[in-house]
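This report looks at the surroundings of a ligand and at the packing around a strand. The sequence and structure are shown first.

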Amino acid sequence: MLKVDNLSCQKGYNLLFSNLSFKVNSGDILRITGTNGSGKTSLLKILAGLDIQEQGNVFLDNHALKSEAYQQEIFYLGHLSTLSEELSTLENLEFLTKLNKSTKQIQLTKALSSIGLKGYENEYCDKLSAGQKRRVILAGLFISNAKIWLLDEPFTALDTDGVTIIESRITKHCKQGGLCLFTTHQNSDLLNQKVLAL
Ligand SMILES: Nc1ncnc2c1ncn2[C@@H]1O[C@H](COP(=O)(O)OP(=O)(O)OP(=O)(O)O)[C@@H](O)[C@H]1O
């Protein structure tokens, strides 16, 4: 269980949220909603250990946010995640997932295939469309063993087929005991999603 206790976040003079407490159980999908600038990205970054909270605590089971046990269970996808255009799709995915080239090549190729990029393995990323670039980043979801997925605007630039692939992947992950927190300004048909409004 992910437990968020009394969290507050301030950016400059702007108090984005305070006394925020909630729990996310294994199997849960939590959609974080709010207007532009309400603090969705800031919250996900705090939960990923990439930003600092003003006050409050975050635990995964009994593991604190900064512990190695917690951090090992995080897969964070930022809405501005980018690729190196001088590398191929395969090389970018390898870098993003920090896998060893020789042993995991098959896994990487499979992930690209799962996200609809079969045949694009050796294509340089400067030759890809915006949606195809986003798919390379999202292919990490087919490799990650992390329990907590923190996905900031995962559907940006995807066509309907791409959205369906990602929604199915999230559903499968959560059915297998994972948990997912995500933001989107688009409609999402993900079943059984709970909502946290900022
Ligand atoms: N490093 C920073 N320094 C100062 N203010 C910041 C910083 N980062 C974010 N902010 C401010 O914090 C507020 C919340 O930003 P955040 O990116 O968390 O919002 P969001 O809910 O994800 O917005 P959107 O829906 O537009 O993606 C914004 O007003 C933003 O300008």
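The sections below describe the ligand shell, the nonpolar core and the strand pairing in a predicted model.

## Ligand shell

The ligand is surrounded by K11, G12, N14, L16, G34, N36, G37, S38, G39, K40, T41 and S42. Sorted by class, these residues comprise 1 nonpolar, 9 polar and 2 charged.

Two elements, β2 (14-24) and α1 (40-48), each contribute at least two residues to the shell, and α1 gives the most, with 3 residues.

## Nonpolar core

The largest nonpolar core has 43 residues, among which L112, A139, L150, C180 and L181 touch the most other members. When neighbours within four places in sequence are left aside, L150 is in contact with L44, L47, A48, I74, F75, Y76 and L181.

## Strand β7 and its partners

Strand β7 (residues 148-152) is largely enclosed by the rest of the structure, because 5 of its 5 residues are buried. Both faces of β7 are covered, with I148, L150 and D152 buried on one side and W149 and L151 buried on the other.

Strand β6 (residues 74-77) runs parallel to β7 and is joined to it by 4 bridges, and within this pairing F75 has W149 of β7 as its bridge partner. Strand β8 (residues 179-183) also pairs with β7 in the parallel sense, over 5 bridges, where I148 has L179 of β8 as its bridge partner. From β7 the chain passes through helix α6 (residues 160-175) to β8, forming a β-α-β crossover that is right-handed.

Terms used:
Residues numbered from 1 in each chain as written. Predicted model: local features only at pLDDT ≥ 70, side-chain atom pairs only at ≥ 80, totals over all residues. Near = placed C-beta within 6 Å. Nonpolar A, V, L, I, M, F, W, Y, C, P; charged D, E, K, R; others polar. Core = buried A, V, L, I, M, F, W, Y, C linked by C-beta atoms within 7 Å. Buried ≥ 20, exposed ≤ 12 C-beta atoms within 10 Å, placed from the backbone. Contact = placed C-beta atoms within 7 Å. Pairing = 2+ DSSP bridges. Right-handed = clockwise from strand over helix to strand, strands pointing away.
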